[in-house]
Amino acid sequence: MIFIIFIYVIFVTELAKEVKSPFFNYPDETFTLVESEPLSIGDSFISTALLLPLKKQNNQLLIALHDQNSPNSVIPLRNVTYIVLLGLLFPLSAFIIISCVVFTLAVNYQRSKLDKILMPMCAQAEDLIVTFGRNSTKKKSYSALSQLNIYIEDLTKYAKIYQINSEQSAYCDKLTSLINRHKFLEHINEQIAIADETKTKCGLLFIDLDGFKQVNDSFGHSFGDEVLIQVAERLRSVVRSQNLNFSDNEEDKEYNLSRLGGDEFTLFIQNIDDPEIAVNIAKHVLKELERDFVLGNKLIKISASIGIAAYPDSANSPDALVQMADVAMYRAKKEGRGIYRIYSPEMGSKLRRYHYLLEEMRLGIASNSFFLAFQPIIHVDGCAISYFEALVRWQHPIEGIVTPAEFIPIAEDSNQILVLGDWILNEACRQMAAWHNAGMTKTKISVNVSGVQLKHRPIYDWVMDTLNKTGLPPKSLMLEITESCFIDISDNIISELEKLRKEGVFIAIDDFGTGFSSLSVLATLPVDVLKIDRMFVSEASHNEKYRKILKSIVELSQRLDLKIVAEGIEEVIQLELLKSLGVVYIQGYLISRPESSKNVGNKVLKQGMNHLAHMGTGTWTPSTSRVI
């Protein structure tokens, strides 16, 4: 509006100047007005707007010049307008050009000033993009503002990707990309709430790989990690093929499948109308995992044990559902592996018993509710005592005697065997040191050592520290290790056992013949004694095949200079058979049941100090003894 007014003022000024100028030359343009015609309304408006005295003649607008010499002189309005427009054109063009130049200079100045401000911001944005591990999109021809806009768009995109990755890493297993235990429990908690509202059932499969530890020990953890990755992918394929997906969008995480840790996986099943649905899925999982795993140029075979639990039949919470499925899985492992088992209340009662005894065991260790009983191993000729086996017993304040068959597996599974085993070794060595000082210098004490202790105790230092503390000579101690422990024993443990043998400690393989170990390991293992499992002794008396196997074991031991002990002797016919096969060291109820240290002392020391001093051990003739 201001610009239009400005142009109008200039126009009128120029027009008036042209009309009134004394220098204006009207050679052809001016003429004398002959007859003036009346102005129309429009003509009058033009005259008023231009502030000029207009006349009209022959329908042509004229401007009165008011020349004193020629009062009726006029000039056509059209001619004056042309002249005025030409007069305006040059200053207006100059104005436009100057304005453009000034505008361009101002814009460039502002851009230069803005670039100085924005360039550091662009550099910071570029550094942030590099921090995200991305390459920046840089355009040399772009201004700093345009480049900053591109950087902001890139940062927004990368920040979203980073947010997604961060959220996934927070609840996903890094190795397999499956969701972790926390997120899985959160998910099934939501699904159980929905199941309560809709009155539907759901189920859970607890999957644990069989033999995975051997894969790790044989080929290394990186090899084992690759197995876990392939297992996760096969489980994903089961989820897809059985339509167990939680989300229809393939880009979303699968919340129904989780890796709880180690080689344990869980699979949640929604809307189970028929219990056979979970069973069929478990069978499908077993079939998938039984296929060979191809790792490089190796083929690996593993299987899985699966526990199945249903909601609300088996449990009433997510944690309980996982726990009950876990209990069923352990039952599957105990009953053969590579199979599935469905949770039942009977399993639940065993679980409650397990946790009850575990807590009571912790209290019992602290309150000295455990004690040792001693069972003699004698030579068949003369009944001389070769050694005593120290056997732990638990005197519960309410339940009375809790059998080792019940509490030892719980102690090993919970690692309480470490604390209990420390006490057993110390107490056995202390007692034997007392008997050794009393004259039983050729008698040994035997202590059972579990696989858990071998893995978690520095066996050489542990044993030698105990011997030094109790004052028992190393030659008076024998360690019994179950044959199954030698299947995957490490070279370091073998070295530790060999060092103990050099110190004088004896090493025995317990329950020989039941661990499926190769006989060739006898040539390399640091072993002095083989204890034949009681099953061979029991079966050999009426089964010819077992008798031949037993004879072969005895002959092999003799050739390898290994002392052989038969345990579980309960009948005279078994004793006679063993004597005929050449077995000279025997143990069992036929000889003696486990006895208290007091009864052992009374029986042996009554034989006289002279006898002990001469023989270095006592004798133990078969007699009726009470069970401890």
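# Close-up views of side-chain pairs

**View 1. Glu288 is buried, with a relative accessible area of 18%.** The model shown here is predicted. The partner of Glu288 is Arg291, and the two form a salt bridge. Their closest N and O atoms lie 2.8 Å apart. How exposed is Arg291? Arg291 is partly exposed, at a relative accessible area of 42%. The pair therefore joins a buried acid to a partly exposed base. Salt bridges number 25 in the structure.

**View 2. Glu335 and Arg331 meet through their side chains in a salt bridge.** The N to O distance is 3.7 Å. Which of these partners is buried, and which is partly exposed? Glu335 counts as partly exposed, at 41% relative accessibility. Arg331 has 17% relative accessibility. Buried means under 20%, so Arg331 counts as buried.

**View 3. Asp528 pairs with Arg501 in a salt bridge.** The closest N and O atoms are 2.9 Å apart. What does this pair tie together? Asp528 lies in the loop between strand E17 (506-512) and strand E18 (529-532). Arg501 belongs to helix H15 (residues 491-503). The pair therefore ties together parts that are 27 residues apart in sequence. Asp528 is buried, with a relative accessible area of 17%. Arg501 is partly exposed, at 29%.

**View 4. Five residues share salt bridges in one network.** The members are Arg331, Glu335, Arg341, Glu346 and Lys350. They are joined by salt bridges that have partners in common. Arg331 and Glu335 are the pair from View 2, with 3.7 Å from N to O.

**View 5. Trp394 and Phe407 form one of the aromatic pairs.** A search of the whole structure finds 7 such pairs. How are the rings of Trp394 and Phe407 set against each other? Their centres are 5.7 Å apart and their planes stand at 90°, so the pair is edge-to-face. The pair links distant parts of the chain, 13 residues apart. Trp394 sits in strand E13 (residues 385-396). Phe407 sits in helix H11 (residues 404-413). Trp394 is buried, with a relative accessible area of 0%. Phe407 also counts as buried, at 0% relative accessibility.

**View 6. Four aromatic residues make a cluster.** Ring pairs link Phe374, Phe388, Trp435 and Trp620. Two of the cluster members are Phe and two are Trp.

**View 7. Two charged side chains sit over Phe rings.** Where does the charged end of Arg234 lie? It is over the ring of Phe293, 3.8 Å from the ring centre. The charged end of Lys444 sits over the ring of Phe506. Its distance from that ring centre is 4.4 Å.

**View 8. The whole protein sets these close-ups in context.** The chain has 628 residues, and 43% of them count as buried. Its elements are 20 helices and 20 strands. How many of the contacts reach far along the sequence? Among contacts between residues at least 6 apart in sequence, 66% join residues at least 24 apart. The accessible surface of the protein comes to about 33900 Å². Carbon and sulfur atoms account for 55% of that surface.

Definitions and conventions:
Residues are numbered from 1 along each chain as its sequence is written. This is a predicted model: local features need pLDDT of at least 70, side-chain atom pairs count only at pLDDT 80 or more; totals for chains, interfaces and linings use all residues. Side-chain values use heavy atoms; hydrogens and water are left out. A salt bridge is a side-chain nitrogen of Lys or Arg within 4 Å of a carboxyl oxygen of Asp or Glu. Buried means under 20% relative accessible area, exposed over 50%, partly exposed in between (1.4 Å probe, protein chains only). Helices (H or I, at least four residues) and strands (E, at least two) are DSSP runs, numbered from the N terminus. Rings of Phe, Tyr and Trp (its six-membered ring) pair if their centres lie within 6.5 Å; planes under 30 degrees apart count as stacked, over 60 as edge-to-face and the rest as tilted. A charge sits over a ring if NZ of Lys or CZ of Arg is within 6 Å of the ring centre and within 35 degrees of the ring normal. Contact means heavy atoms within 4.5 Å. Accessible areas come from the Shrake-Rupley method with a 1.4 Å probe; for residues, only the protein chains shown count as cover.
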